[in-house]
Amino acid sequence: MNEAEAPRAVLFDLDGTLIDTAPDMARALNALLAEEGRAPLAFEGVRSQVSKGARGLLDLAYGPDQAESERERLRLRFLQLYRADLAVESRPFPGMEALLADLEDAGIAWGIVTNKPAWLATPLLQHLALDARCACLVAGDTLDRRKPDPEPLLHACACLGIESAQARYVGDDERDVVAGRAAGMATFVALFGYLGADERPESWDADGLVASPGELWPALMHFPVPTRERAG
């Protein structure tokens, strides 16, 4: 293990890690179901699937066996409904604003690496007045590859002018850990995010599990980070 060393940057997943977007995504999904003459879904069931994106939510609502043309129609309509009311209830998780301020006060850049497309991620950050503070945004359509591929994380580090070992990544899905490990950076699981009841984050081989944003500062600053080779 290396000595603990403060990072030069902290990168966050967006949905379920930095921002609690579940209320607005659940409302859009239930609006779609209402248009289709279907009963609404309970919020808690929807919440646990938000990190899986539009396709994961549609699998929850309609099942995984739809024809691709019908799935695409529903996906596009869901995204249209969601985009129309993107930040009615979405907010940073409690304690996250304080963490971002602490990082900024310490001169540590923070950025976002998400599979959410930029045409949704950018206006969401603008609505929440986070866009000017965010040092980099790598969205799901920034590159040809998305998480769990490490390329988006490596691209973020390149944008910031740092090595991947100088960054930390925080996410709430196993693909975040897979991407972080492959990129050669310490990775932490946000247990306050959108984990399903059947998920076992302790088995993901992350560098730390964090129960609340308030616990992230000591984890990020003082966790002894193992020496790790970047994949490839």
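Q: Is Phe-93 buried or exposed, and what is its relative accessible area?
A: In this predicted model, a residue counts as buried under 20% relative accessible area and as exposed over 50%. Phe-93 falls under the lower cut-off and is therefore buried, with a relative accessible area of 6%.

Q: Which residue forms an aromatic pair with Phe-93 that is tilted?
A: Phe-93 lies in the loop between strand 3 (91–92) and helix 5 (96–105), and its partner lies in the loop between strand 7 (186–190) and strand 8 (208–210), so the pair ties together parts that are 101 residues apart in sequence. The ring centres are 6.2 Å apart with 55° between the planes, and the partner, at 0% relative accessibility, counts as buried. That partner is Tyr-194.

Q: What is the geometry of the pair formed by the rings of Phe-12 and Trp-110?
A: This pair links distant parts of the chain, with Phe-12 in strand 1 (residues 9–12) and Trp-110 in strand 4 (residues 109–113), and both residues are buried. Planes over 60 degrees apart count as edge-to-face. Since the ring centres are 6.5 Å apart and the planes stand at 75°, the pair is edge-to-face.

Q: Within what arc do the buried residues of helix 4 fall, seen down its axis?
A: Helix 4 (residues 68–84) has buried residues that include Arg-71, Leu-74 and Phe-78, whereas Ser-69 and Ala-84, on the other side of helix 4, are exposed. What covers the buried residues includes helix 1 (22–35), helix 3 (53–62) and helix 6 (118–127). The buried residues line one face of the helix, because they fall within an arc of 160°.

Methods
Residues are numbered from 1 along each chain as its sequence is written. This is a predicted model: local features need pLDDT of at least 70, side-chain atom pairs count only at pLDDT 80 or more; totals for chains, interfaces and linings use all residues. Side-chain values use heavy atoms; hydrogens and water are left out. Buried means under 20% relative accessible area, exposed over 50%, partly exposed in between (1.4 Å probe, protein chains only). Helices (H or I, at least four residues) and strands (E, at least two) are DSSP runs, numbered from the N terminus. The arc is that of the directions from the helix axis to the C-beta atoms. Contact means heavy atoms within 4.5 Å. Rings of Phe, Tyr and Trp (its six-membered ring) pair if their centres lie within 6.5 Å; planes under 30 degrees apart count as stacked, over 60 as edge-to-face and the rest as tilted.
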